[in-house]
Amino acid sequence: MTYKDALTAAMTMLAEHPRTLFVGQTMRFGGQAMFATLKDVPMDRRIEMPVVEDFQMGFCTGLALEGFIPVSVYPRWDFLLLAANQLVNHLDKLPLMGDFRPKVIIRTGIGPTVPLDAGPQHTQNHTAAFRLILKTVEVLEISTAEEVLPCYQRALACEGSALVIEHLEKYLA
């Protein structure tokens, strides 16, 4: 099974949970690599967002506080940086401030440099930094196709939120 096929299977598995919603840009209309992995996710479980990354994370935190499990999709780390305020200061800290356990599965990717280098604003990897910053959000990185399904199963099963990092160049293999 290829990396991309494994991701498609993982998204299908997540969509089988009655409380998951898929939130982000190009959830309903193509335009980025992650879109193809949603082919078996029903359209009524997808929420298309404009380019408002910080709002998207806050929106997903609110959905989680209401009992939903949003899968918040940021096609690249570079876009997720714009949501760092909501991720670091809100979603990550709510469990430390009371009896709040919002579950958001955040999906992002490290942009490829081959066969086409998308440039320094679309290929950064901030995984190590966010492992240091986040206190309650679990940070998971997927390097191989075999790791994909167990990783997303872990994200779904964990008590709180999870940040899952994919390697977009592996979509091509």
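The following exchange concerns how the terms applied to this predicted model are justified.

Colleague: What makes a residue or an atom pair eligible for discussion in this model?

Modeller: The model is predicted, and local features need pLDDT of at least 70, side-chain atom pairs count only at pLDDT 80 or more, and totals for chains, interfaces and linings use all residues. Residues are numbered from 1 along each chain as its sequence is written, and side-chain values use heavy atoms, with hydrogens and water left out.

Colleague: Why is helix 1 called roughly parallel to helix 6?

Modeller: The axes of helix 1 (residues 3-15) and helix 6 (residues 145-157) cross at roughly 20° and come within 8 Å. Helix 1 is therefore roughly parallel to helix 6, since angles under 35 degrees count as roughly parallel, over 145 as roughly antiparallel, 65 to 115 as roughly perpendicular and the rest as oblique. Axes here are lines fitted to C-alpha atoms, for helices over the stretch in contact, and angles run from 0 to 180 degrees between N-to-C directions. Helices (H or I, at least four residues) and strands (E, at least two) are DSSP runs, numbered from the N terminus.

Colleague: Which residues make the contact of helix 1 with helix 6?

Modeller: Contact means heavy atoms within 4.5 Å. Helix 1 contributes Tyr 3, Ala 6, Leu 7, Ala 9, Ala 10, Met 11, Met 13 and Leu 14, and helix 6 contributes Ala 145, Val 148, Leu 149, Tyr 152, Gln 153 and Leu 156. These residues divide into 13 nonpolar, one polar and no charged; Ala, Val, Leu, Ile, Met, Phe, Trp, Tyr, Cys and Pro count as nonpolar, Asp, Glu, Lys and Arg as charged, and the others, Gly among them, as polar.

Colleague: How is the contact of helix 2 with helix 4 divided among nonpolar, polar and charged residues?

Modeller: Helix 2 and helix 4 pack with their axes 7 Å apart, at an angle of about 35°. From helix 2, Asp 54, Met 57, Gly 58 and Thr 61 meet Asn 85, Gln 86, Leu 87 and Leu 91 of helix 4. The residues of this contact divide into three nonpolar, four polar and one charged.

Colleague: What makes Thr 61 buried or exposed?

Modeller: Buried means under 20% relative accessible area, exposed over 50%, and partly exposed in between (1.4 Å probe, protein chains only). Thr 61 has a relative accessible area of 6%, so Thr 61 is buried. Thr 61 is found in helix 2 (residues 53-65) and, not counting residues up to four places away in sequence, touches Leu 91, Leu 94, Pro 102 and Val 104.

Colleague: Why is Val 88 placed where it is on the buried or exposed scale?

Modeller: Val 88 has 15% relative accessibility and therefore counts as buried. Val 88 lies in helix 4 (residues 84-91), where Ala 84, Gln 86, Leu 87, Val 88 and Leu 91 are buried. The buried residues of helix 4 pack against helix 2, helix 3 (77-80), strand 4 (105-110) and helix 5. Leaving aside neighbours within four places in sequence, Val 88 is in contact with Lys 93, Phe 130, Ile 133 and Leu 134.

Colleague: How do you know that Glu 138 and Arg 154 form a salt bridge?

Modeller: A salt bridge is a side-chain nitrogen of Lys or Arg within 4 Å of a carboxyl oxygen of Asp or Glu. The closest N and O atoms of Glu 138 and Arg 154 are 2.3 Å apart, and the pair forms a salt bridge. Glu 138 lies in strand 5 and Arg 154 in helix 6, so the pair ties together parts that are 16 residues apart in sequence. Glu 138 counts as partly exposed at 21% relative accessibility, and Arg 154 counts as partly exposed at 48%.

Colleague: How many salt bridges does the rule give?

Modeller: The count comes to five salt bridges. Among them is the pair of Lys 93 and Asp 92, at 2.6 Å from N to O. Asp 92 has a relative accessible area of 0% and is therefore buried. Another is formed by Arg 131 and Glu 141, at 4.0 Å from N to O.

Colleague: What is notable about the phi of Thr 26?

Modeller: Thr 26 has a positive phi of about 55° although it is not a glycine. Thr 26 is found in the loop between strand 1 (20-24) and strand 2 (46-48). With a relative accessible area of 15%, Thr 26 is buried.
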